[in-house]
Amino acid sequence: MTQQEIQEKVNAFMTDRLEYEPDMLNPEAELKRDLGMTSLDAVELAIFIKRTFGFLPERNAIKMLVTLQDLYDYIAKKQVEDDK
């Protein structure tokens, strides 16, 4: 899956399920500070990642991500690792 496809899927989830405004979802947006992501949001995001991308994020991995770009990159990296 390309970086663009990852970004589109994540942003669709963020707007549809977590109800963030689409104009808030730029790669530099900070998950906690700019988007106000809560621990419950992080759990829902982890479930989404498992269902959509086929892996469950490591414990506390989402908490360590700062920006949306970090999230996109994390998913892309994990997919490459899983393909090996």
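**The largest pocket, the aromatic cluster and the nonpolar core**

Helix α2 supplies four residues to the lining of the largest pocket, the largest share from any source. The model analysed here is predicted. In this model the largest pocket has a volume of about 210 Å³, and the elements that contribute two or more residues to its lining are α2 and α3. The lining consists of Ser39, Ala42, Val43, Ala46, Leu56, Pro57, Glu58, Arg59, Asn60, Ala61, Ile62 and Lys63. By residue class, the lining divides into seven nonpolar, two polar and three charged residues.

One of the lining residues, Asn60, also stands out in its backbone geometry. Asn60 has a positive phi of about 65°, although it is not a glycine. The residue is located in the loop between α2 and α3, the latter helix spanning 61–64. With a relative accessibility of 42%, Asn60 counts as partly exposed. Most residues other than glycine have a negative phi. A positive phi, of about 60°, is also found at Glu19, likewise not a glycine. Glu19 belongs to the loop that connects α1 (3–16) with α2 (39–53). Its relative accessible area is 65%, and Glu19 is therefore classed as exposed, the cut-off being over 50%.

The aromatic side chains were examined next. Three aromatic pairs are present in the structure. In one of these, Phe13 and Phe48 are stacked, with 4.2 Å from centre to centre and 15° between the planes. This pair links distant parts of the chain, since Phe13 lies in helix α1 and Phe48 in helix α2, 35 residues apart. Both partners, Phe13 and Phe48, are buried. Phe48 also pairs with Phe53, in this case edge-to-face, at 5.8 Å centre to centre and with 90° between the planes. Phe48 has a relative accessibility of 11% and so falls under the 20% limit for a buried residue. Phe53, with a relative accessible area of 8%, is buried as well. Ring pairs thus join Phe13, Phe48 and Phe53 into a cluster.

The nonpolar interior was then considered. In soluble globular proteins, nonpolar side chains tend to be buried together. The largest nonpolar core of the model contains 27 residues, of which Val10, Met14, Ile49, Leu68 and Ile75 touch the most other members. At least two residues of this core come from each of α1, α2, α3 and α4, the last of these helices covering 68–83. For Ile75, the residues touched are Ile6, Val10, Ile49, Phe53 and Phe55, when residues up to four places away in sequence are not counted. Phe53 thus appears both among the residues touched by Ile75 and in the aromatic cluster with Phe13 and Phe48.

A polar residue with low accessibility was identified in helix α1, namely Asn11. Because its relative accessibility is 16%, under the 20% limit, Asn11 counts as buried. With neighbours within four places in sequence left aside, Asn11 is in contact with Leu25, Leu68 and Tyr72. One of these partners, Leu68, is among the core residues that touch the most other members.

Technical notes. Residues numbered from 1 in each chain as written. Predicted model: local features only at pLDDT ≥ 70, side-chain atom pairs only at ≥ 80, totals over all residues. Heavy atoms only, no water. Buried < 20%, exposed > 50% of the residue type's maximum accessible area, 1.4 Å probe, protein only. 1 Å grid on protein atoms, 1.4 Å probe; cavity = no way out; pocket = protein on both sides within 12 Å on 5 of 7 lines; lining within 4 Å. Points joined across faces, edges and corners; volume = space filled by probe spheres on them. Nonpolar A, V, L, I, M, F, W, Y, C, P; charged D, E, K, R; others polar. Contact = heavy atoms within 4.5 Å. Phe/Tyr/Trp six-rings, centres within 6.5 Å; stacked < 30°, edge-to-face > 60°. Core = buried A, V, L, I, M, F, W, Y, C linked by side-chain atoms within 4.5 Å.
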